[in-house]
Amino acid sequence: MQKPLLTIGNKNYSSWSLRAWLLLKAFDVDFDEQLIELFHPSARPTLAANSPTGMVPVLVYGEGDEKVTVWDTVAIAMHINEYFTEINIWTGISKSDTKAQTDSQNRINSAYCQSIIAEMHSGLMGIRSEMPMNIRATAKIQPSSACLADIARVENIFADCLKGRAEGSFLFGEFTAADVFFAPVILRLNTYARASNLTLQPITKQYCQTLLNHPHVQAWQKAALEETRIIKEDEAGTILSVAGILAD
Ligand SMILES: N[C@@H](CCC(=O)N[C@@H](CS)C(=O)NCC(=O)O)C(=O)O
């Protein structure tokens with residue numbers, strides 16, 4: 001079968017693209033990637049051919065009557081879990097481990113994982129609007145009470161998932177789709193928290209470090225730092241410093 005093609009946006013800014021890309025990488029799906037410039041006329045033909053919403057990420061494979069198109073990050077995660085992985089992405093456990101699949105703790109974790117992913121996807125708008133992903137930047141914001149409430153909610157989720165786990169582990173022990181969906185939040189905290197004098201709980205800082213050290217997250221960050229385009233719509237706060245080289 002032809003490799004799936006994942007179309008994504010600028011790595012410095014596109015948080016939904018990061019989620020789909022990280023999911024495929026972390027769960028060992030062999031795929032090709034195609035980058036488009038967000039909010040740029042050059043992207044229109046590619047998006048018109050592949051993306052029913054005109055947004056990224058979008059995953060396509062197959063041809064003619066057998067062409068499969070999956071858009072929207074949650075749908076991509078569900079499709080990958082259904083057709084491409086031996087590991088259950090909601091628990092991080094092998095699908096062939098039938099005993100583990102019926103274990104009640106794994107069922108609880110699977111429900112929790114799917115619920116926080118849904119919460120991330122449909123909500124947390126304070127974080128999403130006031131702290132846009134901007135990997136190369138260190139920036140100071142004045143977070144609204146809605147944004148602070150979202151940060152507190154995220155810290156509660158992390159603490160609830162991580163309590164009692166060994167240092168350096170993921171939200172449910174094994175790497176799951178929940179770690180994927182919260183990775184951009186970690187990168188946002190990395191950009192804005194310190195510069196904005198936000199005090200994070202020790203367990204949040206520890207989890208931030210776990211994800212920032214993840215090899216695929218590091219590979220994405222490295223690629224983001226090689227990008228030069230500034231997208232004004234996706235910049236927030238007072239930029240204190242930038243890593244990488246920017247276009248004029
Ligand atoms: N609900 C969508 C959101 C996708 C989305 O907002 N993508 C942004 C990039 S991160 C985009 O394509 N923006 C371009 C536009 O809105 O025209 C998903 O989960 O994939």
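This briefing covers the ligand shell, an annotated domain, one helix pair and one residue of that pair. The model is predicted. The ligand has 13 residues around it, and helices H7 and H9 pack at an angle of about 80 degrees.

**Ligand shell**
- Ser-14, Trp-16, Met-55, Val-56 and Thr-73 are the closest of the 13 residues that surround the ligand.
- Helix H1, residues 15-26, gives the most to this shell, with three residues.
- By class, the shell around the ligand holds five nonpolar, seven polar and one charged residue.

**Annotated domain**
- UniProt, in an unreviewed entry, lists residues 4-88 as "domain: GST N-terminal".
- Over residues 4-88, helix makes up 35% of the chain and strand 21%.
- The end C-alpha atoms of residues 4-88 are 19 Å apart.

**Helices H7 and H9**
- H7 spans residues 145-162 and H9 spans residues 202-212, and their axes are 9 Å apart.
- The two helices pack at about 80 degrees, and H7 and H9 are therefore roughly perpendicular to each other.
- H7 makes the contact through Glu-155, Phe-158, Ala-159 and Leu-162, and H9 through Ile-203, Thr-204 and Tyr-207.
- Five nonpolar residues, one polar and one charged form the contact of H7 with H9.

**Thr-204**
- Thr-204 lies in helix H9 and counts as buried because it has 23 C-beta neighbours inside 10 Å, where 20 or more are required.
- Leaving aside residues up to four places away in sequence, Thr-204 touches Glu-155 and Phe-158.
- Between Thr-204 and Gln-105 the separation is 99 residues in sequence and 23 Å in space, C-alpha to C-alpha.

How values were computed: Residues are numbered from 1 along each chain as its sequence is written. This is a predicted model: local features need pLDDT of at least 70, side-chain atom pairs count only at pLDDT 80 or more; totals for chains, interfaces and linings use all residues. A residue is near a molecule or strand if its C-beta atom, placed from the backbone, lies within 6 Å of it. Helices (H or I, at least four residues) and strands (E, at least two) are DSSP runs, numbered from the N terminus. Ala, Val, Leu, Ile, Met, Phe, Trp, Tyr, Cys and Pro count as nonpolar, Asp, Glu, Lys and Arg as charged, and the others, Gly among them, as polar. UniProt positions are given in the numbering used here, feature names are shortened, and annotations may be inferred rather than shown by experiment. Axes are lines fitted to C-alpha atoms, for helices over the stretch in contact, and angles run from 0 to 180 degrees between N-to-C directions. Angles under 35 degrees count as roughly parallel, over 145 as roughly antiparallel, 65 to 115 as roughly perpendicular and the rest as oblique. Two residues are in contact if their C-beta atoms, placed from the backbone, lie within 7 Å. A residue is buried if 20 or more other C-beta atoms lie within 10 Å of its own, exposed if 12 or fewer, and partly exposed in between; C-beta atoms are placed from the backbone.
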